[in-house]
Amino acid sequence: MVSVRERLSRNRLGPPVQRRGKVGLGDVAARLEAHEQPFDEELLARVFEFSTAKHGGQKRRSGEPYVTHPIQVAYTLADLGFDATCVAAGLLHDVLEDTLATREELHAEFGEDIADLVEGVTKIGRHEYVRRDQAQAETFRKLILASIKDIRAILVKLADRWHNMATLEHLPAESRRRIARETLEIYAPIARRLGMSRVQGDLEDLAFYHLYPHQFAELQAAVGEKMKVGRRTVEEVRARLAERLEGAGIEAEINYRVKRLYSIHGKLRQRGLDLSQLYDYVAFRIITADVRDCYAALGVVHQTWRPVPGRIKDYIAMPKPNLYQSLHTTLVGEAGRPFEVQIRTREMDRIAEQGIAAHWSYKESTDGAGDPNILWLRQLVEWQKEVKDPRAFMTALKVDLYPDEVYAFTPKGDVLAFPLGATPLDFAYRIHTDLGHQCTGARVNGKLVPLKTSLANGDIVEILTVPGRHPSRDWLKFVRTTRAKSKIRHWLNTEQKRRSTEIGRRSVERALRRHKLSFKRFLELPELAPYLSREGHARIEDLFSAIGFGKVTVKQVLAKILTHEQLATEAAAPGRLRQAVEKILPFGGGAALTVRGHGDLLAYLAKCCAPVPGEEIVGYITRGRGVSVHSVACPNVQNLLYNPEREIEVDWAGKSDDLFPVVLRIDTEDRPGILAQLTEIIARLDSNILQMETDTRETRGTGRASIDVVVEVRDSRHLEKIREAVRESRGVIDVVRPMRG
């Protein structure tokens with residue numbers, strides 16, 4: 001079987017990972033010397049020996065000695081131009097997580113800087129948290145906090161992920177897909193934010209290969225074939241560019257490259273094209289001596305070929321937040337086929353390729369104060385101080401990692417960058433929190449517009465306010481930036497907690513009157529303080545809030561605080577309400593579910609995600625309908641409308657003979673026999689098909705079919721076996737489990 005690295009290297013896409021056994025400490029030292037990074041040979045040797053000894057007889061999934069991984073990480077960091085401390089941390093990055101080494105031992109052996117870096121990239125153990133998503137979120141929160149103190153922490157983590165992705169073929173299929181998705185959602189965007197385009201591209205292509213192997217192979221073959229046929233045309237364009245620039249007296253270096261497969265894949269999907277319409281797969285690059293020549297070269301290019309309107313971008317005048325600068329234009333070539341030209345100076349090209357490595361000086365500072373690449377980390381942590389829920393944090397992180405695409409102006413002429421789809425409300429919160437809270441409207445280019453209007457490049461935005469105005473929950477549906485969502489959620493949660501505390505207090509007072517007990521006397525009961533401590537409430541207001549939110553009932557609280565004599569007047573048949581409600585709620589009362597610590601609470605499976613046993617789940621206290629149980633991957637849990645105050649822990653009750661309906665959406669080629677093939681696979685895996693709907697369509701000449709099938713499964717393992725078998729079936733492009741947001 002051809003490995004991922006070999007497949008990618010044939011197309012010049014893979015990371016610079018040496019063949020097994022070829023990289024040693026001498027190679028690492030040579031790369032440090034090549035980048036003129038000073039290092040202590042004796043210290044580097046001690047670090048290597050320490051890592052080798054601690055990892056001892058450990059093996060990777062490939063069967064290689066484990067120490068081959070840290071040496072590759074160290075080599076990558078040295079090859080990217082980072083300093084000896086960063087490289088040493090690369091050699092040691094797994095010793096705290098995978099060996100018996102301690103931080104104190106690292107500090108004593110190699111000093112505080114190296115110990116802090118290694119601790120910063122060490123994962124938080126999942127055993128410390130209930131669910132995988134909580135552990136993942138806290139690990140990233142810890143990494144970002146460490147990176148604010150020393151940006152090298154995140155660089156070590158990127159190099160670690162880079163090598164892991166290049167050797168991912170040795171893991172089980174589901175683990176490969178999970179790691180690949182995480183790489184696409186978080187690590188590749190982090191590399192982009194740091195300007196490390198080579199690392200970003202490699203991570204994206206490797207993740208693309210593992211997530212969509214059929215599409216990867218199809219696109220790889222199509223690009224290779226087009227390059228064979230079109231290489232002569234490409235050379236002709238390059239020669240014509242050189243001739244015209246030379247005629248204009250502009251000294252320039254001209255080269256071209258095949259675009260990244262994942263980038264091409266994204267553009268094809270975005271524009272609704274198929275492989276037969278793949279033309280824009282080559283980008284020409286013109287490297288000039290200075291900025292003046294960049295603009296002069298742009299004029300020459302536009303005089304030679306017709307530019308595509310709306311596809312000219314000036315990142316020199318307005319650089320991207322990661323300091324990327326270049327002129328981009330798309331031109332119409334022979335036979336109406338488009339191609340892209342990028343124009344930049346040599347220094348701009350160096351920064352575009354190396355990113356933070358091209359302009360970061362560890363001799364002066366490692367905290368990134370004033371560096372635009374690090375400011376977003378500081379801002380993210382500042383905004384997330386108010387966010388306690390791990391899902392909200394991860395959602396905010398993913399949103400914040402999206403590229404800034406829209407540039408808008410204040411009335412004074414200051415330019416601000418926003419993600420695509422940002423609104424005037426995002427603009428208001430970017431200026432000041434109070435401006436956002438009190439926002440009632442906006443003028444864009446002098447015209448009144450709704451607050452949910454998407455901003456466009458060059459818009460001049462003026463915010464209108466009214467003192468005393470407060471945020472609306474509806475705002476969360478259309479604001480785009482992390483800052484706006486964080487500030488709105490904080491205000492809403494604070495206000496909701498205040499109201500819930502008041503509701504809970506009134507509920508307690510009413511119940512106490514039925515027991516002929518005054519509220520003042522209740523507060524003086526000796527049993528109250530121990531109860532609050534056992535339940536984790538720092539103040540009596542926290543108890544009232546929990547009652548107001550529905551996490552606990554007044555009856556449950558009083559039963560643990562009042563004496564039998566005090567409770568005697570309030571006897572009632574337990575469970576009667578539960579029995580009545582179970583008859584009308586969907587999915588019944590959820591016999592397969594238990595609410596941790598609250599046996600009387602009704603729990604039922606949410607329809608939006610339909611979780612199955614074995615999946616990680618979370619409960620959400622609804623208003624008057626019990627506990628709605630969701631998969632942790634459900635968009636209704638992950639989005640920022642989720643209120644952590646109403647979360648409650650739930651568990652699967654244990655083994656049962658119940659079957660659970662799950663919807664699978666299968667994208668396939670539209671060809672005879674595909675339905676019979678799929679039904680046979682599903683039946684062979686002991687699953688019943690409850691419903692099936694197909695939608696065949698012609699996508700600009702290429703036949704595709706979308707099949708929605710409802711299957712019955714026993715648990716998450718049964719479901720994954722079905723997905724895996726269907727995904728590997730001939731003609732299947734992808735299998736997803738749609739969830740309603």
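In the predicted model, F208, Y209, Y212, F216 and Y262 are joined by ring pairs into a cluster. Across the structure, the number of aromatic pairs comes to 13. One of these pairs is formed by Y256 and F284, whose ring centres lie 5.8 Å apart and whose planes meet at 55°, an arrangement classed as tilted. This contact connects distant parts of the chain, since Y256 belongs to strand 1 (residues 252-258) and F284 to strand 2 (residues 282-288), with the two positions 28 residues apart in numbering. The two partners can also be described by their accessibility: Y256 is partly exposed because its relative accessibility is 22%, where the limit for a buried residue is under 20%, whereas F284 has a relative accessibility of 2% and is therefore buried.

A further aromatic pair is made by W652 and F660, with a centre-to-centre distance of 6.2 Å and an angle of 80° between the planes. This geometry is edge-to-face, because the angle of 80° falls in the class that begins over 60 degrees. Both W652 and F660 are buried.

Aromatic rings also take part in contacts with charged side chains. The charged end of K320 is placed over the ring of Y324, at 5.2 Å from the ring centre. In the case of R430, the charged end sits over the ring of F418, and the distance to the centre of that ring is 5.2 Å.

Terms used:
Residues are numbered from 1 along each chain as its sequence is written. This is a predicted model: local features need pLDDT of at least 70, side-chain atom pairs count only at pLDDT 80 or more; totals for chains, interfaces and linings use all residues. Side-chain values use heavy atoms; hydrogens and water are left out. Rings of Phe, Tyr and Trp (its six-membered ring) pair if their centres lie within 6.5 Å; planes under 30 degrees apart count as stacked, over 60 as edge-to-face and the rest as tilted. Helices (H or I, at least four residues) and strands (E, at least two) are DSSP runs, numbered from the N terminus. Buried means under 20% relative accessible area, exposed over 50%, partly exposed in between (1.4 Å probe, protein chains only). A charge sits over a ring if NZ of Lys or CZ of Arg is within 6 Å of the ring centre and within 35 degrees of the ring normal.
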